[in-house]
Amino acid sequence: MKKRHDLAKRILFLYLPLFVLMVFILFPFYWTFVTSIKPEEELYGAVVTYWPRSVTFEAYSKLFTTTVNFLQAMKNSLIVAASTTVVSLTASTLAAYAFSRYHFAGRKVLMSIFLCNNMFPTVLLLIPLYTIMRRLGLLYQPASLVLSYTTFTIPFSVWLLIGFLNDLPMSLEEAAMVDGCNRGQAFVKIVLPILVPSMVATGVYIFMQSWNEYTFAMMFTNNDTRTIPVALKSLIGQLGVQWDLLTAGGIITIIPVCIMFFFAQKRLVEGLTAGAVKG
């Protein structure tokens, strides 16, 4: 009786809430996919169906052949997200190492400024960055997005990496320098390999922020350089919304992120938990 009571209690207070939470989280993705494979007569019909009577992938075909140049938008997004990840991760790693290993005047002030940068909405930077990119001649080029995205990805990335570096004992680098390495060689040969899990976690964060960002991409791109969020927005017009194309584009958009998470999930968890306060 006691085992049955414990099992019922566990189902009621643990498994049932978890199931409801999972349904709440996953249902939007399910509904997006179902909408993308419905035929038009069923999609805009009066009766709501939770699974299409006849499955069609016509929306996916139309997405790449008509309406918008979605393949070019995907290419632009990949170039921007990958470039931003490389630039931000390189700068953040070097900055985090300097903040963690060197104690210089103004160190705490600079770290506070980095943290305060995330307190303000990125839209405040829109007009200044637009003016800067226009004067530099980078407007409507992928480089303008890469430079713009570093303004809000680098500060948070520095804080992510500092927590991990602070947990690495200085004795590792000191032992390497005793063996003949200089500071740079000790960083490359000792610190950098240990820092890989945290760098993967930070890189995933940077990539996702760059892949999904819309505001800067809307202002700094044109028809040839627009990214996926802007291309999807063009499917929403004054006379209606092309739900089949919009949901098909949404499904395709999340595939690269899902693949990246599949291969990087182990290191992502290691990196996000690194630097945590130990009791």
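Is Tyr 140 buried, partly exposed or exposed? Select it and look. This is a predicted model. Tyr 140 has a relative accessibility of 34%, so it counts as partly exposed; the partly exposed class lies between 20% and 50%.

**Stop 1: the loop before α7**

Stay on Tyr 140. The residue sits in the loop that links α6 (126-136) to α7. Check its backbone next. Phi of Tyr 140 is near 65°. That is a positive value, in a residue that is not glycine.

**Stop 2: α7 against α9**

Now select residues 142-166, which form helix α7. Add α9, residues 183-212. Two numbers describe a pair of packed helices: the angle between the axes and the distance between them. For α7 and α9 the angle is about 150° and the axes are 10 Å apart. Angles over 145 degrees count as roughly antiparallel, and α7 and α9 are therefore roughly antiparallel to each other. Their crossing is right-handed.

Show side chains at the contact. From α7, pick Tyr 149, Phe 152, Thr 153, Phe 156, Ser 157, Leu 160, Leu 161, Phe 164 and Leu 165. From α9, pick Val 191, Ile 194, Leu 195, Ser 198, Met 199, Thr 202, Tyr 205, Ile 206, Gln 209 and Ser 210. Color them by class. You should find 13 nonpolar residues, six polar ones and no charged ones in the contact of α7 with α9.

**Stop 3: Ser 157**

Zoom in on Ser 157, within helix α7. Its relative accessibility is 0%, so Ser 157 counts as buried. What does Ser 157 contact, leaving aside its neighbours within four places in sequence? Select Ser 92, Thr 202, Tyr 205 and Ile 206. Thr 202, Tyr 205 and Ile 206 also belong to the α9 side of the α7 contact.

**Stop 4: α8 against α9**

Keep α9 and add α8, residues 170-178. The axes of α8 and α9 come within 9 Å and cross at roughly 135°. These two helices are therefore oblique to each other. The crossing of α8 and α9 is right-handed.

On the α8 side, select Met 170, Leu 172, Glu 173, Ala 176 and Met 177. Facing them in α9 are Arg 183, Ala 186, Ile 190, Val 191 and Ile 194. This contact has eight nonpolar residues, two charged and no polar. Val 191 and Ile 194 also appear in the contact with α7.

**Stop 5: Ala 176**

Center on Ala 176 in helix α8. Ala 176 has a relative accessible area of 7%, so it is buried. Beyond its neighbours within four places in sequence, Ala 176 touches Cys 181, Ala 186 and Ile 190. Now draw a line from its C-alpha to that of Ala 264. The two residues are 88 residues apart along the chain, and their C-alpha atoms are separated by 29 Å.

**Stop 6: the nonpolar cores**

Which residues have the most contacts inside the largest nonpolar core? Select Leu 63, Phe 70 and Ile 228. The core has 20 residues. Elements giving two or more residues to this core are α3 (58-65), α4 (70-101), α9 (183-212), α11 (228-233) and α12 (243-273). Of these, α12 gives the most, with six residues.

Finish with a separate core of 18 residues. Val 158, Ile 162, Leu 165 and Ile 206 are among them. Leu 165 and Ile 206 should look familiar: both take part in the contact of α7 with α9.

Technical notes:
Residues are numbered from 1 along each chain as its sequence is written. This is a predicted model: local features need pLDDT of at least 70, side-chain atom pairs count only at pLDDT 80 or more; totals for chains, interfaces and linings use all residues. Side-chain values use heavy atoms; hydrogens and water are left out. A nonpolar core is a set of buried Ala, Val, Leu, Ile, Met, Phe, Trp, Tyr and Cys residues joined through side-chain atoms within 4.5 Å. Buried means under 20% relative accessible area, exposed over 50%, partly exposed in between (1.4 Å probe, protein chains only). Helices (H or I, at least four residues) and strands (E, at least two) are DSSP runs, numbered from the N terminus. Axes are lines fitted to C-alpha atoms, for helices over the stretch in contact, and angles run from 0 to 180 degrees between N-to-C directions. Angles under 35 degrees count as roughly parallel, over 145 as roughly antiparallel, 65 to 115 as roughly perpendicular and the rest as oblique. A crossing is left-handed if the near helix is turned anticlockwise from the far one by less than a right angle, and right-handed if clockwise. Contact means heavy atoms within 4.5 Å. Ala, Val, Leu, Ile, Met, Phe, Trp, Tyr, Cys and Pro count as nonpolar, Asp, Glu, Lys and Arg as charged, and the others, Gly among them, as polar.
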